[in-house]
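Please open the model in a viewer and keep the sequence panel in view. The tour below proceeds by selection, with a short account of what is found at each stop.

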Amino acid sequence: MNDPYSVLGVSPTASDEEIKKAYRELVRKYHPDNYLDNPLSDLAQEKMKQINEAYDIIMRQRGGGGNGSSQSSGAYSGSGSSGASEYARVRAAINAGNIPLAEELLRMMTNRNAEWHFLMGSVMYRKGWLDEALTYFQTAARMEPANMEYQQAVNRFRQQHAYNPYNQSAATSGCCCDNLSTCDICSLLICADCLCDCI
Amino acid sequence: MFGYIRPLRDELKVREYEHYKACYCGLCRALKEQGTPFSSFILSYDFTFLAMLLYDTQDAPSVRPVRCGANPLKRRRACLTFPALALCADYSIILTWWKLRDTVTDEGFFRSLRDRFLSILLKRAYNKAAARRPAYVGHVKSALKALSRLEQEESPSLDACADQFARLTAALAEDAPEHRRRPLEQLLYHVGRFIYIIDAADDLAEDHKARRRNVVAARYGLTGGALTDAARDALESTLLHSCRLAAAAYELLDPGHFAPVLQNILYLGMPHTCRAVLSGTWRSGKNRKNKEFEQDE
């Protein structure tokens, strides 16, 4: 295996804090959410695995007991399982990366319900036909507004928080106290002041 | 060829900008070496991007000072022709020649006079490049045939038309080493899709005036030669999504020497181009920016 430090892109003399920061940045970059329904998701998973392994090795070497690597890879199989065996075949074809087969199976079906539109959208998305993908996802979401899977697929196009190295505001979040507003701080200070008075 | 794929210059470091310029000048030299002394008129930002992308090592390419025809008083630093640069010069000649021929066959005699002249000028360079890359010429021919068939059928599908063009750009990755090919193909597919759609959006008013068919107008049912708010939002969302997928594919490649410039192009330059074209500020700023770049030293 490669040198774990070079996998994380840090020098062996880096502090624990620097390593954690580099690790967090890489996890954000290769997070499965960024590669949802993407034909390259297997390569991203591979990267994620290497990064997690490297981080664990370094943390074990340093005696920190690397508990940061939360592995949640895989399992993006579109677990709809709504009974119909035809759709199960389509999903299997999509998961196996056989997009032409999935498309052909879908085109042969006559009963075009919400799931049909959703799966056609997934096929189009994987082909890179994003305009048509969105149209199919929207139709699916309109036919079954309560279905979260369909809604999420539509929202994917509005998503603004995808990985972007230039967007530092997203990079710094993750600290435990960054959701404190000025208002919260003020009220905390007032509380503390009251307590002081009590004593 | 189109000039839509370029960095956001204000966000580049001076060093990165120098690397970019050296590669741009290097491509110009390569075009002359691979083609004829005239063929550097087709020099473009898009193929500079491709050359940087296909240059896969971390070491800096060798650079030498050269004199430039556009500004002979100043010496510039240009990359020596590395293999990816020679490849890009060939691809650039082949694609541009076919694009010119396409206009010549589609348009009337007088309207196509300029392109007719340019294609004659490029003919000898094209013959040389085509002899070196016969497989790619095959791709170009079949994709352009499919594209013109779709246009004749008046297909309202934006994606189906963009797909043919995007296949052409994805095929540029075919000589890449095995482990880089899949991410590169996906990256170039979305860059090609982006170029095709943004070009159609950019030409909307011109095509309307000349009564030419425009795929964006057909998709969104635009009749006035201008974008409606709904069409603009839809285009922005689909184009930025292509940028995002191209960037996601890029991150799976090992970073090479030009990584900072490439990241700038994918994360800042392309989204900036997209917004500028859709808001109508692209054309007014375009020529000024180009001149700035050429005279700048």
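Begin with chain A, coloured by secondary structure: along the sequence the pattern reads α-α-α-α-α-α-α-α-α-α. In this predicted model, chain A holds 10 helices and zero strands. Of its 199 residues, 39% are buried.

**Loops of chain A**

Select A:Asp37, in the loop that runs between α2 (16-29) and α3 of chain A. Its phi is near 60°, a positive value in a residue other than glycine. Most residues other than glycine have a negative phi. A:Asp37 counts as buried because its relative accessibility is 17%, under the 20% cut-off.

Move next to A:Met109, placed in the loop between α5 (99-108) and α6 of chain A. With a relative accessible area of 8%, A:Met109 is also a buried residue. Add A:Trp129 to the selection and draw a distance between the C-alpha atoms: A:Met109 and A:Trp129 are 20 residues apart along the chain, and these atoms are separated by 21 Å.

**A salt bridge within chain A**

Show the side chains of A:Arg91 and A:Glu115, which meet in a salt bridge of 3.1 Å, N to O. A:Arg91 belongs to helix α4 (residues 85-95) and A:Glu115 to helix α6 (residues 114-127), so the pair ties together parts of chain A that are 24 residues apart in sequence. Are these two partners buried or exposed? A:Arg91 is buried, at a relative accessible area of 10%, and A:Glu115 is buried as well, at 6%.

**Across to chain B**

Over all chains, the salt bridges number 27. For one that crosses between chains, select B:Arg182 and A:Asp42, whose closest N and O atoms are 2.9 Å apart. B:Arg182 sits in helix α7 of chain B and A:Asp42 in helix α3 (residues 41-61) of chain A, so this salt bridge joins two chains. Side chains of opposite charge can pair when their charged atoms come close. In contrast to the buried pair of the previous stop, B:Arg182 is partly exposed at 36% relative accessible area, and A:Asp42 is partly exposed at 38%.

**A charged network in chain B**

Now select B:Asp202, B:Asp203, B:Glu206, B:Asp207, B:Arg212 and B:Arg283, which are linked in a network of salt bridges. Zoom in on B:Asp207 and B:Arg212, where the closest N and O atoms of the salt bridge are 2.9 Å apart. B:Asp207 is buried at 9% relative accessibility, whereas B:Arg212 is partly exposed at 31%.

Then pick B:Arg211, in the loop between α8 (204-210) and α9 (215-220) of chain B. Its phi is near 55°, a positive value in a residue other than glycine. B:Arg211 is exposed, with a relative accessible area of 78%.

**Cavities**

Switch to a clipped surface view. How many cavities of 30 Å³ or more are there? The count is three.

The largest cavity encloses about 130 Å³ of space. Its lining consists of 15 residues; to locate the centre, select those that lie nearest to it, namely B:Asp46, B:Phe47, B:Thr169, B:Leu172 and B:Ile195. In chain B, α2 (45-54), α6 (158-170) and α7 (178-202) each supply at least two lining residues. By residue class, this lining comprises 12 nonpolar, two polar and one charged.

The second largest cavity holds about 70 Å³. Among its 13 lining residues, B:Leu53, B:Tyr55, B:Asp254, B:Gly256 and B:Leu262 lie nearest the centre. Here α2 and α11 (259-279) of chain B each contribute at least two residues to the lining. The lining of this second cavity divides into nine nonpolar, one polar and three charged residues. Helix α2 of chain B can be kept on display for both cavities, as at least two of its residues line the largest and at least two line the second largest.

**A nonpolar surface patch**

For the last stop, return to the full surface and select B:Phe109, B:Phe110 and B:Leu113, which make a nonpolar patch of about 360 Å². B:Leu113 lies in helix α4 (residues 113-132) of chain B. B:Leu113 is partly exposed, at a relative accessible area of 39%.

How values were computed:
Residues are numbered from 1 along each chain as its sequence is written. Chains are lettered from A and ligands numbered from 1 in the order in which they are written. This is a predicted model: local features need pLDDT of at least 70, side-chain atom pairs count only at pLDDT 80 or more; totals for chains, interfaces and linings use all residues. Side-chain values use heavy atoms; hydrogens and water are left out. Patches are made of residues with over 30% relative accessible area and no salt bridge: like charges are joined within 9 Å, nonpolar side chains (Val, Leu, Ile, Met, Phe, Trp, Tyr) within 5 Å. Accessible areas come from the Shrake-Rupley method with a 1.4 Å probe; for residues, only the protein chains shown count as cover. A salt bridge is a side-chain nitrogen of Lys or Arg within 4 Å of a carboxyl oxygen of Asp or Glu. Helices (H or I, at least four residues) and strands (E, at least two) are DSSP runs, numbered from the N terminus. Buried means under 20% relative accessible area, exposed over 50%, partly exposed in between (1.4 Å probe, protein chains only). On a 1 Å grid over the protein atoms alone, a cavity is a set of points where a 1.4 Å probe fits but cannot get out, and a pocket is an open set with protein on both sides within 12 Å along at least five of seven lines; lining residues have an atom within 4 Å of a point. Grid points are joined across faces, edges and corners, and a volume is the space filled by probe spheres set on the points. Ala, Val, Leu, Ile, Met, Phe, Trp, Tyr, Cys and Pro count as nonpolar, Asp, Glu, Lys and Arg as charged, and the others, Gly among them, as polar.
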